[in-house]
Amino acid sequence: MSNRPKRLGICLLAGFTLAVLLQSNIQSASAREIDTRARSERVISQKREVYKRAAAANALVSSDAPIESKPAPQSTRKPRSGSAKGPYYVDFRARTAASWGHAFVWFGKTSERAVEVAGLTPAGDTAAYVLGHLLWVPSETTASYGDLDPQYLTASYRVYLNEPDAKKVFAYIKKLQASSPVWNAETTNCTAFIGSIAEFMGLKVPHRWQRPEEYVNNLKAMNSGRQIIQLSSQQ
């Protein structure tokens, strides 16, 4: 009976010791868990901070970097000749005839099919033409037979003008028509007539004593095929 209290004391002491050890282990494990969680949270926080800084840096670079503009696609539409070269024109032309041929001009607006014709021919029949080689005979300055027929065309030199210049040139042509009452094969002939128009427009002109076809071709060659005509400010 005397040994029972001792055993009881030993059991209580062992139980207390075990409890203390268990409590210590529990606290140690809890401390390690808290420490591990704290480390994880710090790592996560550091990663978030890195991501934030990277995003801020990318945003700054994007805002400061120049924007590369793509080149505008080239238009495949071809410019209209009327808008590029001028809405009005004068066409120096030559055609066949019973004799040497005839030189004249077409003039008008590129967007319209109707044309006006100006040229210098003897008025009347063959007798007036023959007589015009010796002296001056009455003339006609509008369209003559064959001027509107493309099958008779032998040469052409077309030039383009803007509207203000066209008004001046067309007015000069009509004035020339009104002031050319006679025709002569050697002086006031068809090549001299269209040459006056070309000179008014500032073009170089060949001499008048040529066949109409040669005259128009030489007119084009002397001006290097120039198509855009712009009058001087004095005209």
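The points below go through a predicted model of a single protein chain, from its confidence and overall fold to its largest pocket and a few individual residues.

1. Confidence. The protein chain has an average pLDDT of 77, and 64% of its residues reach a score of at least 70. Residues 1–6 fall below 50 in pLDDT, and in the model this stretch makes zero contacts beyond its near neighbours in sequence. The stretch formed by residues 18–22 is also below 50, again with zero contacts beyond near neighbours in sequence. Where pLDDT is low, the predicted coordinates should not be read in detail.

2. Overall fold. Six helices and seven strands make up the secondary structure of the protein chain, and along the sequence these elements follow the order α-α-β-β-β-β-α-β-β-α-β-α-α. Of the 235 residues, 29% count as buried. When contacts between residues at least 6 apart in sequence are considered, 62% of them join residues that are at least 24 apart.

3. The largest pocket. The space in the largest pocket amounts to about 850 Å³. Its lining is made up of 32 residues, and those closest to the centre of the pocket are Ala97, Ser99, Gly101, Pro122 and Tyr129. Strand β4 (121–122) and the helices α3 (126–131) and α5 (190–200) are the elements that each give two or more residues to this lining. By residue class, the lining divides into 14 nonpolar, 13 polar and five charged residues.

4. Helix α6 and its cover. In α6, which spans residues 212–222, the residues Pro212, Tyr215, Val216 and Leu219 are buried. These buried residues lie on the same side of α6, because the arc that they cover around the axis is only 95°. Among the elements that cover the buried residues of α6 are the strands β1 (88–95), β2 (102–109) and β6 (153–161), together with helix α5. Just after α6, serine 224 adopts a positive phi of about 55°.

5. Threonine 121. Strand β4 contains threonine 121, and this residue has a relative accessible area of 11%, which is under the 20% cut-off, so threonine 121 counts as buried. If its neighbours within four places in sequence are left aside, threonine 121 is in contact with His102, Pro138, Ser139, Glu140, Ser144 and Trp183.

6. Alanine 118. In strand β3, which runs over residues 116–119, one finds alanine 118, a buried residue with a relative accessible area of 0%. Its contacts, apart from neighbours within four places in sequence, are with Phe104, Val105, Phe107, Thr141, Ile173, Gln177 and Phe193. For one of these partners a C-alpha distance can be given as well: alanine 118 and threonine 141 are 23 residues apart along the chain, and their C-alpha atoms are separated by 5.6 Å.

7. Aspartate 149. The loop between β5 (137–140) and β6 holds aspartate 149. Is this residue buried or partly exposed? With a relative accessibility of 29%, aspartate 149 counts as partly exposed. The C-alpha atoms of aspartate 149 and arginine 95 are separated by 9.0 Å, although the two residues are 54 apart along the chain.

How values were computed. Residues numbered from 1 in each chain as written. Predicted model: local features only at pLDDT ≥ 70, side-chain atom pairs only at ≥ 80, totals over all residues. Heavy atoms only, no water. pLDDT = per-residue confidence, 0-100. Contact = heavy atoms within 4.5 Å. 1 Å grid on protein atoms, 1.4 Å probe; cavity = no way out; pocket = protein on both sides within 12 Å on 5 of 7 lines; lining within 4 Å. Points joined across faces, edges and corners; volume = space filled by probe spheres on them. Helix = DSSP H or I, 4+ residues; strand = E, 2+ residues; numbered from the N terminus. Nonpolar A, V, L, I, M, F, W, Y, C, P; charged D, E, K, R; others polar. Buried < 20%, exposed > 50% of the residue type's maximum accessible area, 1.4 Å probe, protein only. Arc of directions from axis to C-beta.
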